There are 2 protein chains.
Amino acid sequence: MGQDNLLDEARSLFSAIPKDPPVLEHNPATPEKLKLGKMLYFEPRLSKTHNISCNSCHQIGRGGADGRPTSIGYSGQRGGRNAPTVLNSVFSTAQFWDGRAADLKEQAGGPIANPIEMGTPPEHAVEELKGIPGYVEAFGKAFPDEADPLTYDNIEKAVAVFEATLTTPDAPFDQYLKGDENALTAEAKEGLRLFVDKGCSSCHNGINVGGGMYAPFGVVEKPGSEFLPPNDKGRLQVTGKLDDAYVFKVPTLRNITLTSPYFHSGHAWDLKQAVAVMGATQLGTELGAEEVTKIVAFLRTLTGAQPQVTYPTLPASIPTTPRPAP
Amino acid sequence: MGQDNLLDEARSLFSAIPKDPPVLEHNPATPEKLKLGKMLYFEPRLSKTHNISCNSCHQIGRGGADGRPTSIGYSGQRGGRNAPTVLNSVFSTAQFWDGRAADLKEQAGGPIANPIEMGTPPEHAVEELKGIPGYVEAFGKAFPDEADPLTYDNIEKAVAVFEATLTTPDAPFDQYLKGDENALTAEAKEGLRLFVDKGCSSCHNGINVGGGMYAPFGVVEKPGSEFLPPNDKGRLQVTGKLDDAYVFKVPTLRNITLTSPYFHSGHAWDLKQAVAVMGATQLGTELGAEEVTKIVAFLRTLTGAQPQVTYPTLPASIPTTPRPAP
């Protein structure tokens, strides 16, 4: 089978990440909104104890995740699922492992208010930021036509606009999709061939090599409780449908080498192990060691140019700014 | 009294922050060492649970501090003293509130190993980083002449080199010291005059407007236990000398508007209150409200250009990299 054939097939299943970040519907980016969104993304005063920001669990420098099985909230409580990467999340069909948020805007407000994550009820988040003159000014500039620009809705909008810029173009695989046959090694191409032929690409496809659909964890064979904690029923908890038991959003595989540990449980530390488990549970296929190695060689080509973000200077608190919980 | 007089007097007491960061003795900066130091500064894998980095408590975007009375360590424990700013700390005579570290290099290793801060013993920090191929490479490049470049000593050296770049030149007060009489408002100049004449500058002087000496908290009048927790004896705990009871390093006042709350206890949220308490406890002077306002107007001129730091991309963990504590 020729390489052209593989490239054609790849192009029918996947697409390259564009150089420029996408535009959000009903939430256009302006320099002022983008600047505000970046400030909010790094803003620990959105957490109850003022020590956790979006970036604490979705770190710009760590593939958009935090490298822990599950994250640690403001009070030391552990989250229920592995923190998904923020990188390229704008391209995913929905947000969170169970897709309970339709888009980045809806997602952004979740962890701020979640009592075991940042622990700040929406009305308090607004009160907090209204107590910081620099934010009053920044929201006014970002939402200039609004009488009351500093709202929870606008916090979410601004964060979403910033997050939409966190894309990672120019991975070797993107270069390949654009026609550079040398961007992938022979081994990576064999891995891509296996990835398609074995059926991985049935779920992991599209621009994000995943992120576009839902699937039960355990299509063919139920994974061990190590990887599928029985008390987490996945999307069933969102839809209430029994068919959605243990159903999760298929995660993106972009930048996968940067975001161990894997699975919603965060209990697979080795990408090879994760690939083998996927073969067995989702495809009913016992992948050989060499096959796994080749697939991983392909997955390594999904790491793109990481975002270059200048750390924002956050506006100063004043004596009347609401203070952190002790 | 003419303004020239004030400027001359100011020049005899203070100096401007130079445009270029200073060179550390015996630890010259190279691009490779600087790049490594920045990575380490943002590296949560130096903490036991992999969720706390230097930047967690000394945030680049928050005046180099964290805006809490005391910081929260990896296990949720609170530190004993307010996190001092990292900004311009290279100019201070010693590090920590009690001066127990002679310089930035010696300081850098403290919080990593401190059992209530990052909780990683030095040998484990080295083992952790040796388990990450990107760091093995980066230390080799940063310390090219050493047989075993990845050591705790070199972690400290690299972090110190990065921290030495975190200076904030070009504050209005620096422009004034350089001869721009218009850089300070009339009110700020009156505040400067009071700052000198009332005696604040007896301790808060030099390039960092502080940071150059030790003084008892309560030279004239003992502060209330709200501001001086009786169980913290300050420098006595370092030197063992009774004379050093309640003695602390005089903190820098640079960027002071960004780094509330104040004092080693972090219990003063209002800069005006802090100035008034200082007047009473250190100088035996009851400062009037107008005097306090003027002094604060001067202190506001100490906020310089904040560091513009591009968030570093951290090297990936591999399956054998030591994992975080749960």
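How many residue pairs in polar contact are there between chain B and chain A? The count is 14, with both residues of a pair at pLDDT 80 or more. A polar contact here is a pair of N or O atoms within 3.5 Å; within protein, one must be able to donate a hydrogen and the other to accept it, and residues adjacent in sequence count only if both atoms are side-chain atoms.

Some ground rules before we go on. This is a predicted model, where local features need pLDDT of at least 70, side-chain atom pairs count only at pLDDT 80 or more, and totals for chains, interfaces and linings use all residues. Residues are numbered from 1 along each chain as its sequence is written, chains are lettered from A and ligands numbered from 1 in the order in which they are written, and side-chain values use heavy atoms, with hydrogens and water left out.

Back to the two chains. Put chain B on chain A and you need a rotation of 180 degrees with 0.0 Å of shift along the axis, for an RMSD of 0.0 Å. The two copies are thus related as by a two-fold rotation axis. That fit is by least squares on the C-alpha atoms of residues with pLDDT of at least 70 in both copies. In chain B, the residue that comes closest to the axis is B:Thr310, with its C-alpha at 2.1 Å.

Each chain brings 37 residues to the contact, where contact means heavy atoms within 4.5 Å. Of the interface residues of chain B, 100% are also interface residues in chain A, so the copies meet through the same surface. About 3100 Å² is buried between the chains, and carbon and sulfur atoms give 53% of that. (Buried area is the accessible area, with a 1.4 Å probe, that two parts lose on being put together, summed over both.) On the chain B side, B:Arg62, B:Trp269 and B:Tyr311 lose the most area, together 22% of what that side buries. That side divides into 16 nonpolar, 14 polar and 7 charged residues. Still, the count of salt bridges between the chains is 0; a salt bridge needs a side-chain nitrogen of Lys or Arg within 4 Å of a carboxyl oxygen of Asp or Glu.

Now look inside chain A. An automatic or database domain assignment divides it into domain 1 (6-16 + 169-301) and domain 2 (31-165). Their C-alpha centres lie 27 Å apart, and the contact takes 27 residues from domain 1 and 23 from domain 2. Together the domains bury about 1900 Å², 55% of it on carbon and sulfur atoms. A:Asn208, A:Lys249 and A:His264 supply 26% of the area that domain 1 buries against domain 2, more than any other three residues. The domains share 8 residue pairs in polar contact and 1 salt bridge.

Over all chains, the structure holds 30 salt bridges. One of them pairs A:Glu156 with A:Lys105, the closest N and O atoms being 2.7 Å apart. This pair links distant parts of the chain, 51 residues apart: A:Glu156 is in helix α7 (152-163) and A:Lys105 in helix α4 (104-113). Helices (H or I, at least four residues) and strands (E, at least two) are DSSP runs, numbered from the N terminus.

Finally, a few backbone oddities. The peptide bond from A:Ser260 to A:Pro261 is cis, with omega near 0 degrees, and A:Pro261 lies in the loop between β2 and α11 (271-283). In chain B, a cis peptide bond joins B:Ser260 and B:Pro261. A:His26 is not a glycine, yet has a positive phi of about 60 degrees; A:His26 lies in the loop between α1 (3-13) and α2 (31-41).

Key
Ala, Val, Leu, Ile, Met, Phe, Trp, Tyr, Cys and Pro count as nonpolar, Asp, Glu, Lys and Arg as charged, and the others, Gly among them, as polar.
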